[in-house]
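Here is a colleague's note to be read alongside the sequence and the structure. Please keep both in view and look up each residue as it comes up.

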Amino acid sequence: MGYEYLVFLLVSFFLCQLAFSSSVTHLCSRDESISLLKFKNTLTVDPSASYYWGYHYGPQSYPKTRSWNMSRDCCSWDGVVCDDFTGHVIELDLGCSQLEGKIDSNSSLFQLSHLRMLNLSWNNFSNSHISPEFDSNSLNGAIPSWVFSLPSLTELSLSNNHFSGQLEDFNSNTLEWIFLEHNQLQGPLPRSLQNLVNLIELDLSYNNFSGNVDVSFFSNLKQLRSLSLSYNSISLTNENKVKSTIPKYLESLFLSACEVKELDFLRSTEELSYLDLSNNKIQGRIPDWAWSNWMHMEYLNLSRNMLTSIDQIS
């Protein structure tokens with residue numbers, strides 16, 4: 001009886017191991033593996049592609065795509081992360097991978113429909129025209145429409161490129177981080193930004209956005225912790241003189257050169273650690289309530305305004 005029981009345990013263990021092995025070694029779908037390999041074959045590996053500004057390499061520069069081949073499940077390839085249950089590729093981190101080439105609008109990369117995070121920074125993709133997340137490349141032209149409709153996207157990072165044109169409306173509210181600073185984007189801020197209720201950080205600084213933006217524009221973004229609109233052609237207004245429309249728990253606010261004329265819209269903020277209101281049109285005295293709220297401020301820039309005096313803290 002003991003022998004039969006031992007055999008039963010061994011067989012059960014073997015079958016469990018076999019099932020587990022099958023489930024983990026063949027997670028990635030064949031279609032997604034092929035899409036990744038096609039993308040790999042459109043690019044070349046060149047160590048100088050991750051050479052930054054001529055004097056040093058990016059962090060941990062190495063050719064991640066060299067581990068990509070059909071003899072291994074794509075979920076085990078360098079830079080690839082799959083969903084534990086579905087096996088779909090959900091993250092692709094090829095930052096600092098010594099990649100060089102041009103990414104076209106029909107690239108197989110964009111067949112990865114379940115992708116949530118894409119990092120292609122510290123590579124050389126000069127003359128490419130599209131990207132849902134490229135940190136510091138030479139991309140230009142309008143941001144393609146499909147980017148604004150990605151249903152699972154949580155981070156959009158297109159900073160330090162040459163994108164131009166207007167922002168289209170965002171059709172998904174999953175975004176938590178938007179980094180579009182240092183481009184040539186223009187026109188008014190899209191109204192759909194007000195619907196991104198999960199947004200934590202928004203940086204649109206150093207562009208050509210224009211028009212009046214009332215502080216009430218951001219009143220629905222309760223999760224927002226950092227907002228930067230500096231150096232556009234924006235005029236920040238507070239037409240209704242409402243004092244509680246900026247998110248209460250905002251930690252960083254950068255509004256340099258935004259035609260700011262008064263401070264009342266900041267009265268409700270209690271968590272600010274970084275505040276830049278330089279190059280504006282703020283006049284008169286800094287009120288007592290401001291110093292009370294800003295007691296724990298780490299960075300404060302009020303230079304180049306029209307301030308006359310500073311009230312003492314009572």
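1. The model shown here is a predicted one, and a good place to begin is a pocket. The second largest pocket has a volume of about 160 Å³, and its lining consists of P188, L189, R191, S210, G211, N212, V213, D214, F217, T237 and E239. Which strand gives the largest share of this lining? That share, five residues, comes from strand 14, which covers residues 208-214. By character, the lining of this pocket is made up of four nonpolar, four polar and three charged residues.

2. Strand 14 deserves another look, since N208 is also placed in it. With a relative accessible area of 41%, N208 is partly exposed. Its C-alpha atom is separated by 5.9 Å from that of Q184, although the two residues are 24 residues apart along the chain. When neighbours within four places in sequence are left aside, N208 is in contact with Q184, L185, Q186, G187 and N232.

3. F217, which is among the residues lining the second largest pocket, leads on to the aromatic residues. A pair of aromatic rings is described by the distance of the centres and the angle of the planes. Counted with centres lying within 6.5 Å, the aromatic pairs in the model come to six. One of them is formed by W68 and W77, whose ring centres are 5.3 Å apart and whose planes meet at 20 degrees, so this pair is stacked. W68 is buried, with a relative accessible area of 2%, and W77 is buried with a relative accessible area of 2% as well. The rings of F217 and F218 have centres 5.1 Å apart and planes at 70 degrees, so they make an edge-to-face pair. Both F217 and F218 are buried.

4. An enclosed space should be considered apart from the pocket. How many cavities of 30 Å³ or more does a search of the whole structure find? The search finds one, and about 40 Å³ of space lies in the largest cavity. The residues lining the largest cavity are V147, F148, S149, L150, L153, F170, N171, S172 and L175. Of these lining residues, six are nonpolar, three are polar and none is charged.

5. Strand 17, which covers residues 252-254, holds S252, and F254 is found in strand 17 too. Are these residues buried or partly exposed? S252 is buried, at a relative accessible area of 13%, whereas F254 is partly exposed, at 23%; the cut-off that separates the two descriptions is 20%. Not counting residues up to four places away in sequence, S252 touches R225, S226, L227, L272 and Y274. F254, with its neighbours within four places in sequence left aside, is in contact with L227, S228, L229, S230, Y274 and D276. The C-alpha atoms of F254 and S228 are separated by 4.5 Å, while the residues themselves are 26 residues apart along the chain.

6. Two backbone angles should be checked with care. Most residues other than glycine have a negative phi, and most peptide bonds are trans. C96 is not a glycine, yet it has a positive phi of about 55 degrees, and it lies in the loop between strand 5 (89-93) and strand 6 (99-100). R304, which is not a glycine either, has a positive phi of about 60 degrees and lies in the loop between strand 20 (299-301) and strand 21 (306-310). As for their surroundings, C96 counts as buried at 2% relative accessibility, whereas R304 is exposed, with a relative accessible area of 66%.

7. For the protein as a whole, there are three helices and 21 strands. Of its 314 residues, buried ones make up 45%. Among the contacts with a separation of 6 or more, 51% are between residues 24 or more positions apart.

8. A last point concerns confidence. The pLDDT averages 83 over the protein, and 82% of the residues score at least 70. Over residues 18-26, however, the pLDDT is below 50, and beyond near neighbours in sequence this stretch has two contacts in the model. Residues 52-58 also have a pLDDT below 50, and this stretch has eleven contacts in the model beyond near neighbours in sequence. Where pLDDT is low, the predicted coordinates should not be read in detail.

Conventions: Residues are numbered from 1 along each chain as its sequence is written. This is a predicted model: local features need pLDDT of at least 70, side-chain atom pairs count only at pLDDT 80 or more; totals for chains, interfaces and linings use all residues. Side-chain values use heavy atoms; hydrogens and water are left out. Rings of Phe, Tyr and Trp (its six-membered ring) pair if their centres lie within 6.5 Å; planes under 30 degrees apart count as stacked, over 60 as edge-to-face and the rest as tilted. Buried means under 20% relative accessible area, exposed over 50%, partly exposed in between (1.4 Å probe, protein chains only). On a 1 Å grid over the protein atoms alone, a cavity is a set of points where a 1.4 Å probe fits but cannot get out, and a pocket is an open set with protein on both sides within 12 Å along at least five of seven lines; lining residues have an atom within 4 Å of a point. Grid points are joined across faces, edges and corners, and a volume is the space filled by probe spheres set on the points. Helices (H or I, at least four residues) and strands (E, at least two) are DSSP runs, numbered from the N terminus. Ala, Val, Leu, Ile, Met, Phe, Trp, Tyr, Cys and Pro count as nonpolar, Asp, Glu, Lys and Arg as charged, and the others, Gly among them, as polar. pLDDT is the predictor's confidence in each residue, from 0 to 100. Contact means heavy atoms within 4.5 Å.
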